[in-house]
Amino acid sequence: MRKSKEFLTDGRMAWFIIVAILVIDQIIKIEVKTTMTLGESLRVTDWFYINFVENIGMAYGMTFFNKLFLSILRIVAISAIGWYIWRVVKQGGRTRYVVFLSMVVAGAAGNIFDSMFYGLIFSGASPYYVSYFVPFGTGYSSFLMGKVVDMFYFPIIQTTWPTWMPMFGGQEFIFFSPVFNFADACISVGMVCLLLFCRKDWESIEVRRKPKAISEDTEKQGGEE
């Protein structure tokens, strides 16, 4: 048992989680992109569909930023979180904290991978034909400008707003309407778990630096006396 703990350190576990999420995410995306036409929908149940759509890269298909800016911003965020995970591991942070942070950075990396390479290696998606691999660099877009593949659609509730309701009366209401991918789900689950179970971990990582600083100040004061 002790040897297994020594082998599966928090640092190695973080790498394992990140790589596992990236592999699963890319297998799902490539399978959908190379077997379904754009906009095609496969019914699994009344509340779960596989629906092939593409977006510029924000979670759940949101489009608030320029594509290039979004890609660069995500790379910076991934680098910052990756550095922070290294710091948490080095300072002996809780394992659960490392796990949830790794889920977030892996999900972000999964989507940035699409943006970095899909435009270089795939033909453009279309409602009339299935995408296919092309020679590297001859795809539908340039580096960092590829579109992110989404596929999970959960219209759990489908109804119509009451006619007496202002603005929305008589219109269709769907909950949950966004289409997302495995990477988005990992980001969301990781963030929710961080908020619920690790709210004090950030403070603990910061506080651990203070005793050392205090001891150094005490030593200086003692030397001056």
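This is a short walk through one protein chain, from a helix to its rings, charges and cysteines. Keep in mind that the model is predicted.

Let's start with helix 3. Helix 3 covers residues 67-90, which is 24 residues. From first C-alpha to last, helix 3 reaches 35 Å. The expected value is 34 Å, at 1.5 Å a residue, so the two are close. Which residues of helix 3 are buried? They are Lys67, Leu70, Ser71, Arg74, Ile78, Tyr84, Ile85, Arg87 and Val88. Notice that Lys67, Arg74 and Arg87 are on that list. After the helix comes Gly92. Its phi is positive, near 75 degrees.

Next, the charges. Side chains of opposite charge can pair when their charged atoms come close. How many salt bridges are there in this model? The count is five. I'll show you three.

Take Lys29 and Asp25. Their closest N and O atoms are 2.8 Å apart, and they form a salt bridge. Both residues sit in helix 2, residues 10-33. They are four residues apart there, so about one helical turn separates them. Here is the background. An α-helix has 3.6 residues a turn, so residues three or four places apart point the same way. Are Lys29 and Asp25 buried or exposed? Both are buried. There is a further partner, too: Asp114 joins Asp25 and Lys29 in a network of salt bridges.

Now Arg43 and Asp46. Their side chains meet in a salt bridge, at 2.4 Å from N to O. Arg43 has a relative accessible area of 53%, so Arg43 counts as exposed.

The third one is Arg94 with Asp201. Again the closest N and O atoms are 2.8 Å apart. This pair links distant parts of the chain, 107 residues apart. Arg94 is in the loop between helix 3 and helix 4, while Asp201 is in helix 6, residues 201-207. Look at the accessibility of each partner. Arg94 has 38%, so it is partly exposed. Asp201 has 4%, so it is buried.

On to the rings. The whole structure has 17 aromatic pairs. One of them is Trp47 with Phe154, and this pair is stacked. The centres are 6.1 Å apart, with 25 degrees between the planes. Where do the two partners sit? Trp47 is in the loop between strand 1 (41-45) and strand 2 (48-55). Phe154 is in the loop between strand 3 and strand 4 (157-160), 107 residues away from Trp47. Trp47 is at 46% relative accessibility, so it counts as partly exposed. Phe154 is at 21%, and buried means under 20%, so Phe154 counts as partly exposed. Both belong to a cluster linked by ring pairs. The other members are Phe48, Phe152, Phe175, Phe176 and Phe180.

One ring has a charge over it. The charged end of Lys33 sits over Phe122, 5.3 Å from the ring centre.

Stay with Phe122 for a moment. Its C-alpha is 5.5 Å from that of Val134, twelve residues apart along the chain. Val134 is in the loop between helix 4 (95-121) and strand 3 (148-153). Val134 counts as buried because its relative accessibility is 18%. Leaving aside neighbours within four places in sequence, Val134 contacts Leu120, Ile121, Phe122, Ser123 and Gly139.

Last, the cysteines. The structure holds zero disulfides. Cys193 is in none, and the nearest cysteine sulfur, from Cys198, is 7.8 Å away. A disulfide needs the sulfurs within 2.5 Å, so this distance is over the cut-off. Cys193 is buried, at 15% relative accessibility. Cys186 is also buried, at 7%.

Note on methods
Residues numbered from 1 in each chain as written. Predicted model: local features only at pLDDT ≥ 70, side-chain atom pairs only at ≥ 80, totals over all residues. Heavy atoms only, no water. Buried < 20%, exposed > 50% of the residue type's maximum accessible area, 1.4 Å probe, protein only. Contact = heavy atoms within 4.5 Å. Phe/Tyr/Trp six-rings, centres within 6.5 Å; stacked < 30°, edge-to-face > 60°. Lys NZ or Arg CZ within 6 Å of the ring centre and 35° of its normal. Salt bridge = Lys/Arg side-chain N within 4 Å of Asp/Glu carboxyl O.
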